[in-house]
Amino acid sequence: MLKTLDIENIAVIEKTTVDFSSGLNVLTGETGAGKSIVVDSINAILGERTSRELIRYGADSAFVSAYFEDISDTVRNKLAELGFDNEGDNSLLISRKITLAGKSNCRINGKSATVSMLKEIGNLLVNIHGQHDSQALLNPDYHYKYIDMMSDDKAVYEDYKNTFKELINVRRKLKSLTNSEFDKERELELLEYQIKELEDADIKIGERDALLKKRDLISKSENITSALNMVLSAINGNDDTDGVQSSINICNNTVSSFDELKEISQILTNVNDEFEVVKDKIEKLFDKIEFDPNELELVEERLDLLYRLSNKYGSSEEEMLEFLDNAKSRLNSIVYADKELEKLNLQYDELFDKTVSKADKLSRSRKKIAAEFEKQVKSELEFLDMPKLEFVVDFNKGNLSSNGYDKIEFLISTNPGEPPKPLSKIASGGELSRIMLAFKNILSHNDSIGTLIFDEIDTGVSGRASHKIGLKLKSVSKNTQVICVTHSAQIASNADEHFLINKEVKDAKTYTSVTQLDFESRKRELARIMGGLEITDTLLNSAEELLKSSQ
């Protein structure tokens with residue numbers, strides 16, 4: 001349920017905090033005082049579209065936050081699905097900041113979120129029903145949901161949905177296999193060419209890197225060989241000159257005969273040993289390095305082939321080989337498509353019959369529920385001063401869908417003797433509000449949404465009907481938190497918490513405040529609603545009597 005609503009710089013509200021109760025919360029005030037601003041603020045939290053015109057004049061931004069308690073399992077699962085942490089106490093904090101640039105900064109439990117995320121969560125938290133917000137009632141496509149919500153056993157519906165999902169999967173496979181023969185032949189020809197090209201290439205993983213290293217080595221090998229020969233010539237000498245090693249040996253032989261020069265002799269011996277090591281390494285390198293222009297050309301051709309194939313089949317050897325495996329698999333599926341097609345057709349026929357059978361079962365279950373729903377709706381509407389209204393749940397058979405084949409539409413007749421017609425054709429705004437209230441009261445035990453908001457549900461109804469609506473709202477609030485914007489004293493008298501929306505002008509600026517009323521303040525507000533500007537003792541006594549009788 002919605003526990004606390006904080007509003008800053010929304011329209012004429014500079015700053016206010018509203019602490020709602022778990023039961024029936026009523027908002028009243030003069031026309032134009034700003035009651036709709038509270039609903040607009042809640043809409044902003046629920047991810048509905050807003051505009052910068054909502055920002056209070058002179059402010060840079062507007063801010064709304066809502067704190068919810070005892071959130072449902074459905075909300076917790078959605079939070080987890082969207083990647084938000086669930087608070088251990090089952091609470092939820094949503095905030096939204098709106099700037100003059102028209103941008104929104106949204107947060108869920110302190111973590112950044114998008115407006116669409118707010119909407120996904122908001123749809124599970126709050127249901128707002130206003131005079132012009134009756135899409136669900138007016139659109140027959142949604143009517144089956146009300147019947148399904150009445151069911152205590154969801155297994156029939158879930159069983160049907162799972163079978164229908166299997167049917168759709170098989171149908172997708174069939175559609176994929178039943179391409180035109182021309183398309184099959186063309187695809188087969190292309191696949192055979194691709195497979196042959198990749199198989200002939202005999203691609204090995206890591207081959208390209210090895211070839212690049214080899215090409216680099218071959219390209220350098222001539223210069224490396226020349227450099228090594230120069231080093232050997234310097235060490236060993238040639239026909240014309242002695243090498244460095246020979247000169248060092250001569251020097252060593254000369255100094256070694258003197259005991260005083262033994263240290264120098266040892267150094268010369270070590271230098272000579274190092275020269276031997278250098279010559280061994282050079283010999284080994286000569287064994288590895290072979291400069292062959294023909295081999296370089298072969299390496300370049302292979303690299304060029306791999307480059308061309310990578311442009312068509314994947315940037316790496318792994319991707320090209322994966323493409324080859326997929327192409328072979330697809331080729332086999334086309335070659336053996338006829339057998340697979342026959343198998344899938346049999347499977348589809350069996351699943352279709354099974355799905356229709358389960359749709360029949362679902363339809364029978366719905367019709368049984370609908371009969372009870374009709375009785376309960378009529379009873380609720382009779383209580384709400386609509387005793388002559390006839391309510392019918394009309395069933396027609398349509399195509400199979402994820403919701404069954406039932407085409408369900410609510411029909412009403414407001415005058416005896418007239419045939420029932422679609423709700424959207426003849427229901428007035430006041431009638432729609434009362435019908436929705438009847439639905440909410442019937443479904444409140446099964447509805448997981450924790451907060452219901454009724455915006456001016458009393459529009460177009462008399463004092464007697466308003467009293468009945470107030471009693472019904474009170475009844476609904478025993479299972480679900482209810483917030484109601486109203487001009488009716490009869491409805492307001494039933495509230496568990498009563499808030500006054502008041503507008504005043506200070507220093508040429510308009511301010512709207514939201515005040516929680518005590519018993520005496522409620523008396524004055526009810527007297528104002530009943531009598532207008534002049535509040536008499538008679539009105540106050542009537543208001544007190546109304547309050548006491550309602551409580």
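## Strands E4 and E5

Strand E4 (residues 61-68) and strand E5 (residues 92-99) run antiparallel and are joined by 8 bridges. Along this pairing, tyrosine 67 of E4 has leucine 93 of E5 standing opposite. Keep in mind that you're looking at a predicted model.

## The sheet around them

Zoom out a little and E4 and E5 turn out to belong to an open sheet of 6 strands, ordered E2-E1-E4-E5-E6-E7 with antiparallel pairing. E2 and strand E7 (111-113) sit at the edges with a single partner strand each, so one side of each has no neighbour in the sheet. From one strand to the next, the twist averages 15°. As a general reminder, strands of a sheet pair through backbone hydrogen bonds, in either a parallel or an antiparallel way.

The sheet also has a helix lying across part of it. Helix H3 (residues 115-125) lies across E4, E5, strand E6 (104-108) and E7, and runs at about 135° to E5.

## The E1-E2 hairpin

Over at the E2 edge, strand E1 (residues 2-10) runs antiparallel to strand E2 (residues 13-19), with 6 bridges joining the two. Isoleucine 7 stands opposite threonine 16 in E2. What sits between the strands of this hairpin? There are 2 residues there, and alanine 11 in the hairpin takes a positive phi near 55°.

## Helices H8 and H10

Now for some helix packing. Helix H8 (residues 207-236) packs against helix H10 (residues 262-288) at an angle of about 150°, and their axes are 11 Å apart. Angles over 145 degrees count as roughly antiparallel, so that label fits H8 and H10. Their crossing is left-handed.

Which residues make the contact? On the H8 side they are Thr225, Leu228, Asn229, Val231, Leu232, Ile235 and Asn236. H10 brings Phe275, Val278, Lys279, Ile282, Glu283, Leu285 and Phe286. Sorted by class, the contact of H8 with H10 comes to 9 nonpolar, 3 polar and 2 charged residues.

## Aromatic pairs

How many aromatic pairs does a search of the whole structure find? The count is 12. One of them is phenylalanine 373 with phenylalanine 391: the ring centres are 6.0 Å apart and the planes are at 75°, so this pair is edge-to-face. The cut-off behind that label is a plane angle over 60 degrees.

Phenylalanine 373 lies in helix H13 (residues 337-383), while phenylalanine 391 lies in strand E9 (residues 390-401), so the pair ties together parts that are 18 residues apart in sequence.

Key: Residues numbered from 1 in each chain as written. Predicted model: local features only at pLDDT ≥ 70, side-chain atom pairs only at ≥ 80, totals over all residues. Heavy atoms only, no water. Pairing = 2+ DSSP bridges. Helix = DSSP H or I, 4+ residues; strand = E, 2+ residues; numbered from the N terminus. Axes fitted to C-alpha atoms, helices over the stretch in contact; angles between N-to-C directions. Parallel < 35°, antiparallel > 145°, perpendicular 65-115°, else oblique. Left-handed = near helix turned anticlockwise from the far one by under 90°. Contact = heavy atoms within 4.5 Å. Nonpolar A, V, L, I, M, F, W, Y, C, P; charged D, E, K, R; others polar. Phe/Tyr/Trp six-rings, centres within 6.5 Å; stacked < 30°, edge-to-face > 60°.
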